[in-house]
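I opened this model to trace how its elements pair and pack. My entries follow in the order in which I looked things up.

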Amino acid sequence: MQRRHRLTGSKRFSQIHVEGSSAANRLLVIRYLANDSGCSRFGFLVSKRIGNAVVRNRVKRRLREAVRLNPVIDGWDALFIARRGAGTAKFQELKDATDNLLRRAKLVDASPQPTGPGQSVDQPSESSAT
RNA sequence: AAUGCAGACUGGGUGACCGCCGCCUCGAUUCGUCGUGGGGGAGGAAAGUCCGGGCUCCUCUAGGCAUGGUGCUGGGUAACUCCCAGGCCUCUGGCGACGGCCCCGAUUCCAUCGGGGUCCCGUUGGGGGACGGAAAGUGGCACAGAAACAUACCACCUCGACUCGUCGAGGCCAGGGUGAAAUCGGACGGUAAGAGCGUCCGGCCGUCUGCGGUGACGCAGCGGCGGCUAAACCCCACCUGGAGCAAGGCCAAAUAGGGGGACAUAGGCGCCUGGCCCGUCCCCGGGUUGGCUGCUUGACUGCGGCGGCAACGCCGCUCCGCCAAAAGCGGACUUCUGCUGGCUUCACCGCCGUCGGAAGGGCUAGAUAGAUGGUCACCGUCCUUCCUUAACCGGAAGGAUACAAAACCCGGCUUACAGGUCUGCAGCACCC
RNA sequence: CGGGGUGUAGCGCAGGGGUAGCGCGCUGCGUUCGGGACGCAGAGGCCGGAGGUUCAAAUCCUCUCACCCCGA
């Protein structure tokens, strides 16, 4: 995920937190809000209760990777908040949680996704094909 | 050998696909960026922020005070609450020995001899120590106890009185009991009873004397013998201005020249002095929470010689950069080989480690909601179970693979840590 | 990242070298027809953890672990 797809600035963070719509599952919470620019941006909130600095950085890296592997539609800002189990979860569990939330928020482009979720073996070949 | 203690080191590897952040180069560009190629990208603690510096700003940070810190000695260092060496104290193991006490045995009692234990002493190995001053002054030492810092309850002794076992006057000191701590411990003398009052052995103190040592200190002599507490106030010696890269500088944007207070013998910088500044200083309130810079190359390090016990210092050499050259400044770990030890082997070979010799060479993290990754496969290392083997080896399955991530940069300290390696010491059995 | 602070009973807080307290809460008894209020009695703490100084540490010192506050 490149730098321009990341969300910065505490003003925009709190705005999304207050005004955005939300969805949640066991590992993550998503809050999202439409923006004016042409691309979508993502922020990740991983608090100190998740773990130490190594664990928090790993969670953010894995979430960025999980979002990158999804075909997201443009024009939205989204905020992912990690819940307590995210520090010990495997990558595949975080990926499933991210896919689930993005689909429920209707932020994914549904047409170019022939394969269903949960088939991790096909993920690299699919992204290389597109 | 196992194991334990102390010290030092290491902190998994290879490949595939998909990604992230800087740098260099070339090309395109609507100057926003995009693409090709190359190269780089977390640690021994990056952590805790406990010390010390560099650097930046505060008008200068000059002198003194205050505050804070350090505290055996000598050395190292840019500096240190750090490091090295030494002194002293203390704990522990070994060895030796004078004396005291206790126990056992032998000889007919006293006594002597032998053995063992314990205390003290000497020497040696290892561990630990915030280790100036209590003889400048002030304070504290609960409860118990007669008494906790100058005192005498019981006991002891002398004298006197009488109601004849008590009272009074005095001497005396630590035998009793209390306590964490009670006037140096033991023996003998001495005495009315006693007392370092005296002698011997030992302990401690000294701003005393001599000798040795750079010094802490040691040895000998002399004088003496009421504590403990300075991580209580304090005294002495030495050091110390404050804030911190969110320091600081530049650009852009935005809000606004707002309110309160202080002032001319004034105000400001902890205080004073010096010096400096001036319509300034302090507080409150409001706005902007963007970019660039600082920003990565630094008290770092290779080899040799000399000095040093060591920590470390000085000089020289090879290569590279600043730069075209000189001078100057700055930077830079691998290979080969020898001795010896271990593993392996019938032996050679091979592997690993300490020490030594020779040769040549190379370096570089710079993010900013915070890059250095995600997934998979194979191989290492360790553990468990099973198979195999006389045993080692070998094979299969399962599990484990830590602690933890730069944020201006260094030097230390402290704390966390799977597994592994090496050195030193202790160490059963066996062999000589 | 830097600077500063706090950990004591279930909760909120005192105590700053000599055996640990206050208020609310809890338990039992009394009072009341019953409850509340009130009265009496009681339980509950190795003072965040480890080490040191001291005869003696919640208190003094060092290290450590949590939590909180401030900042261009």
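Entry 1, a cut-off. I count a residue as buried if 20 or more other C-beta atoms lie within 10 Å of its own. I note that the model is a predicted one.

I tried the cut-off on leucine 27. Is leucine 27 buried or exposed? Leucine 27 has 22 C-beta neighbours inside 10 Å, so I enter this residue as buried. I place leucine 27 in the loop between β1 and β2. Leaving out residues up to four places away in sequence, I find leucine 27 touching Arg83, Gly85, Ala86, Ala89, Glu93, Leu94 and Ala97. For one of these, glutamate 93, I looked up the separation: 66 residues in sequence, with the C-alpha atoms 8.5 Å apart in space.

Entry 2, the chain overall. I count four helices and four strands in chain A. Reading along the sequence, I get the order α-β-β-β-α-β-α-α. Chain A has 130 residues, and 21% of them count as buried. I then took the contacts with a separation of 6 or more: 79% of them link residues 24 or more positions apart.

Entry 3, the sheet. In what order do the four strands lie in the sheet? I read the order as β1-β2-β4-β3, in an open sheet with mixed pairing. β1 and β3 are the edge strands, each pairing on one side only. From one strand to the next, the twist averages 20 degrees.

I then went through two of the pairings. β1 (residues 21–24) and β2 (residues 28–34) are antiparallel, with four bridges between them. A hairpin of three residues connects β1 to β2. Across this pair I find serine 21 opposite tyrosine 32, and alanine 23 opposite isoleucine 30. β2 also runs antiparallel to β4, and seven bridges join the two. There I find leucine 33 of β2 opposite aspartate 77, while alanine 34 has tryptophan 76 as its bridge partner in β4.

Entry 4, helix α2. Does the length of α2 fit its residue count, and what span should I expect? At 1.5 Å a residue, the 16 residues of α2 should span 22 Å, and I find the end C-alpha atoms 22 Å apart, which agrees. I list Val59, Arg62, Leu63, Ala66 and Val67 as the buried residues of α2. Seen down the axis of α2, these fall within an arc of 135 degrees, so they line one face of the helix. On the face turned away from that buried side I find the exposed residues Ala53, Val54 and Asn57. The buried residues of α2 pack against β3, β4 and α3.

Entry 5, helix α3. I repeated the length check on α3 (residues 91–104): its 14 residues should span 20 Å at 1.5 Å a residue, and the end C-alpha atoms are 20 Å apart, which agrees. Which residues of α3 are buried? I find Leu94, Lys95, Ala97, Thr98, Leu101 and Leu102. They cover an arc of only 165 degrees around the axis, which puts them on the same side of α3. A general reminder fits here: an α-helix has 3.6 residues a turn, so residues three or four places apart point the same way.

I then looked at what the buried residues of α3 pack against, and I find β1, β2 and α2 (53–68). α3 lies across β1 and β2, and I read its angle to β2 as about 35 degrees. After α3 comes lysine 106, with a positive phi near 55 degrees.

Entry 6, the core. The largest nonpolar core has 22 residues, and those touching the most other members are Leu28, Ile30, Leu63, Ala78, Phe80, Ala86 and Leu94. At least two residues of this core come from each of β2, β3 (41–45), α2, β4 (76–82) and α3.

I finished with isoleucine 30, which I had already met opposite alanine 23. What is isoleucine 30 in contact with, leaving aside its neighbours within four places in sequence? I find Ser22, Ala23, Ala78, Leu79, Phe80, Leu101 and Ala105.

Note on methods: Residues are numbered from 1 along each chain as its sequence is written. Chains are lettered from A and ligands numbered from 1 in the order in which they are written. This is a predicted model: local features need pLDDT of at least 70, side-chain atom pairs count only at pLDDT 80 or more; totals for chains, interfaces and linings use all residues. Two strands pair if DSSP finds at least two bridges between them. The expected span of a helix is 1.5 Å times one less than its number of residues. A residue is buried if 20 or more other C-beta atoms lie within 10 Å of its own, exposed if 12 or fewer, and partly exposed in between; C-beta atoms are placed from the backbone. The arc is that of the directions from the helix axis to the C-beta atoms. Two residues are in contact if their C-beta atoms, placed from the backbone, lie within 7 Å. A nonpolar core is a set of buried Ala, Val, Leu, Ile, Met, Phe, Trp, Tyr and Cys residues joined through C-beta atoms within 7 Å. Axes are lines fitted to C-alpha atoms, for helices over the stretch in contact, and angles run from 0 to 180 degrees between N-to-C directions.
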